[in-house]
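Reader: I should like to understand how terms such as "buried" or "in contact" are justified. Could the reasoning be set out step by step?

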Amino acid sequence: MFDFTTLAQFLVAGLAMGSVYAFVALSFALLYNAVGILNFCVGEFVMVPGFIVAILLNSLHMPFLQAYLITIGVMLVFGAIFHRTIYHPLRGRPFLSVLVSTIGASLFLKNTALLAFGADPRVTPGIVAQKSVGLFGVFVAPQYLVILATLLVLVVFQYVVFEKTLLGKKMQAAAQDRDMARLLGIPVDKIILITFIYSAVLGGIAGILLAPVFYVTSDMGFRIALKAFASSIVGGLGSIPGAIVGGLFIGVVELFCAAYISATYKDVFAFIILIAVLLLRPQGFFGEKVAEKA
Amino acid sequence: MSLKKLSVKISFYLAMAIVLASLPSLIRSNYWIGTVNLAIIYSIAVLGLNIILGLTGQLNIAQAAFWGIGAYTAALLNTRLGWPFWATFLVAPPTAAAFGVILGFPTLKLSGRYLALATLGFGIIISLIAHNWKEFTGGVDGIPGITSPVLGPLKFSTNASFYYLALVCLILLALAQIKIKNSRMGRAFQAIKDNELAAELSGVNTFKYRVIAFALCSAYGGMAGQLFAHGTKYVSAETFFVDMSILFICMLMIGGAGSIAGSIIGASLLTFIPEWLRFLQGPWAMAIFGLAIIIIMIFMPGGLVGLASFIGSKIAMHLRRSIQAGTGRTTSRDVGVSKGTE
């Protein structure tokens with residue numbers, strides 16, 4: 001049971017699932033960084049594009065690339081609408097008000113999806129073949145490799161945008177100190193809007209990647225969101241590299257615990273890790289500050 | 001307080017007491033009295049949440065877990081060991097509070113957002129254990145056959161009789177909370193909510209008071225769970241999933257965080273609205289509900305109680321103006337006296 005190939009297969013599957021968590025955790029962390037909100041609607045950021053891509057591919061039989069681009073396009077608009085309706089009217093209020101408002105949005109989207117698309121789970125074809133491919137004797141689902149490759153591309157993209165472009169620097173500045181950024185002439189409101197849109201697009205990518213390996217249902221959001229919360233705490237709340245590492249960590253640990261300890265309590269492990277991290281190292285792997293800013 | 005004001009107050013309380021006392025005979029329908037009982041029990045849980053969220057300004061997304069701990073403590077002691085209502089009544093809330101302190105001690109040092117996610121994790125762990133540890137909790141099938149409370153010759157086995165018991169509990173717990181709010185402890189909670197650093201610097205032991213607030217919150221939750229177990233005579237893991245914790249938070253925010261009346265109004269409304277929306281199918285009701293939460297958050301930051309006091313102050317201002325116009329002495333100073341909601 002502990003032979004190399006099995007372990008390697010589990011590792012790849014865990015990393016792939018973890019990559020999806022990483023996308024969602026990143027989406028969550030970006031909003032936390034920029035405006036200090038806990039977005040409880042982050043799971044629906046994955047559910048909505050999941051359904052869109054499922055309909056475009058299954059019912060309308062679109063080519064993959066076209067379907068993916070339309071989904072991302074819809075998520076651009078979705079992010080902007082989310083910003084306008086859920087966050088913008090409540091900016092400057094205590095974080096609890098925004099949190100409850102995101103809970104409202106989550107309830108609304110979840111049940112609207114149930115009404116519009118029904119309770120049947122949907123599964124979409126992947127852009128690559130379903131058949132496992134052998135890699136040094138280790139058999140893995142090709143979709144997993146696609147997910148891992150996408151994460152790699154995203155990490156590079158994220159690094160280039162945030163560290164090398166003016167827009168990225170403005171986003172960082174706005175997240176660090178909104179008032180100072182405003183004084184320096186950065187259009188903070190616009191930057192926050194862009195952050196919301198980017199956050200929604202990250203959710204969109206996660207939805208597209210997840211749809212072929214995970215059933216798309218109207219209530220999938222909550223489970224995904226919980227893993228994203230755990231990932232971002234483990235990595236360090238609000239830390240960008242932390243979200244990615246935390247997501248991968250949760251994905252791998254969850255899979256190994258499910259395989260070797262108990263499949264029933266699979267979901268518990270993520271939260272035991274969450275609470276253990278909070279006890280031992282509350283700032284997570286990469287976080288710096290824990291106490292509230294004075 | 002003038003005599004006139006006092007008599008108005010007394011007659012208001014008297015009228016309310018008469019309405020509350022005759023409610024079961026007014027409603028008649030057993031089903032609706034059951035719903036009223038549920039509203040009362042939810043109100044107790046939300047009152048508990050009000051201590052930590054409304055008064056102290058910390059977020060606890062595990063109130064349903066404390067409710068569940070209270071309910072299972074009562075159910076197990078009652079069905080396995082034959083403990084009567086009054087015995088579990090004394091044991092269930094402290095048990096929930098003990099869990100609250102166990103969770104609270106390590107996590108309360110963290111800032112509010114961490115606490116929110118830690119309590120969420122705790123709520124999920126408790127709910128998953130209740131679902132899966134079938135020998136102990138009965139899982140989804142739950143524990144049936146919990147006995148009704150008996151007090152001397154009185155037996156609270158029907159919904160109508162249990163109503164009085166639950167109502168008395170709610171009133172006592174609400175009064176206790178008024179006492180807490182106006183005590184030294186309540187002021188410490190308020191100081192933590194307003195500015196924790198300033199509170200610490202003024203000599204408030206913020207950690208101690210946060211733990212106390214958390215323990216009180218979970219004790220209220222445990223009490224609600226205990227009443228629920230004996231009222232419905234049945235407990236299952238289904239009744240306290242994480243959704244329930246989120247619903248409690250919505251109840252409080254919609255009623256008005258920090259307000260005792262708001263907690264009760266919010267809990268009652270959100271118990272009854274889904275019942276009234278029954279004619280719509282489930283998802284329709286929940287989608288509208290989600291939308292309503294967003295709208296309330298945007299337009300009524302103080303919840304329903306905040307809105308009511310805002311309207312009240314507007315009316316008062318209007319009345320004062322018309323009186324002054326009548327006596328012919330309007331001063332510019334009086335214009336816009338009661339602007340704002342807080």
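Author: The following exchange takes the terms one by one, for a model that is predicted.

Reader: Why is Ile294(B) called buried?

Author: A residue is called buried if 20 or more other C-beta atoms lie within 10 Å of its own. Ile294(B) has 21 C-beta neighbours inside 10 Å, and therefore counts as buried. This residue belongs to helix H13 (residues 282-299) of chain B.

Reader: Which residues does Ile294(B) touch, leaving aside those up to four places away in sequence?

Author: Ile294(B) touches Thr85(A), Ile86(A), Ser101(A), Gly104(A) and Ala105(A). Contact here requires C-beta atoms within 7 Å.

Reader: How many residues of each chain are in contact with the other chain?

Author: In chain A, 39 residues are in contact with 36 residues of chain B. Helices H3 (64-87), H4 (95-117), H9 (220-235) and H11 (266-280) of chain A each give two or more residues to the side that touches chain B. H4(A) gives the most, with 13 residues. By class, this side of chain A has 29 nonpolar, seven polar and three charged residues.

Reader: What makes chain B as compact as a globular protein of its length?

Author: Chain B contains 14 helices and four strands. Its radius of gyration is 22 Å, and the globule rule gives 20 Å for 342 residues; the two values are close, so chain B is as compact as a globular protein of that length. Buried residues make up 45% of the 342 residues in chain B.

Conventions. Residues are numbered from 1 along each chain as its sequence is written. Chains are lettered from A and ligands numbered from 1 in the order in which they are written. This is a predicted model: local features need pLDDT of at least 70, side-chain atom pairs count only at pLDDT 80 or more; totals for chains, interfaces and linings use all residues. Two residues are in contact if their C-beta atoms, placed from the backbone, lie within 7 Å. Ala, Val, Leu, Ile, Met, Phe, Trp, Tyr, Cys and Pro count as nonpolar, Asp, Glu, Lys and Arg as charged, and the others, Gly among them, as polar. A residue is buried if 20 or more other C-beta atoms lie within 10 Å of its own, exposed if 12 or fewer, and partly exposed in between; C-beta atoms are placed from the backbone. The radius of gyration is taken over C-alpha atoms; the globule rule is 2.2 Å times the number of residues to the power 0.38.
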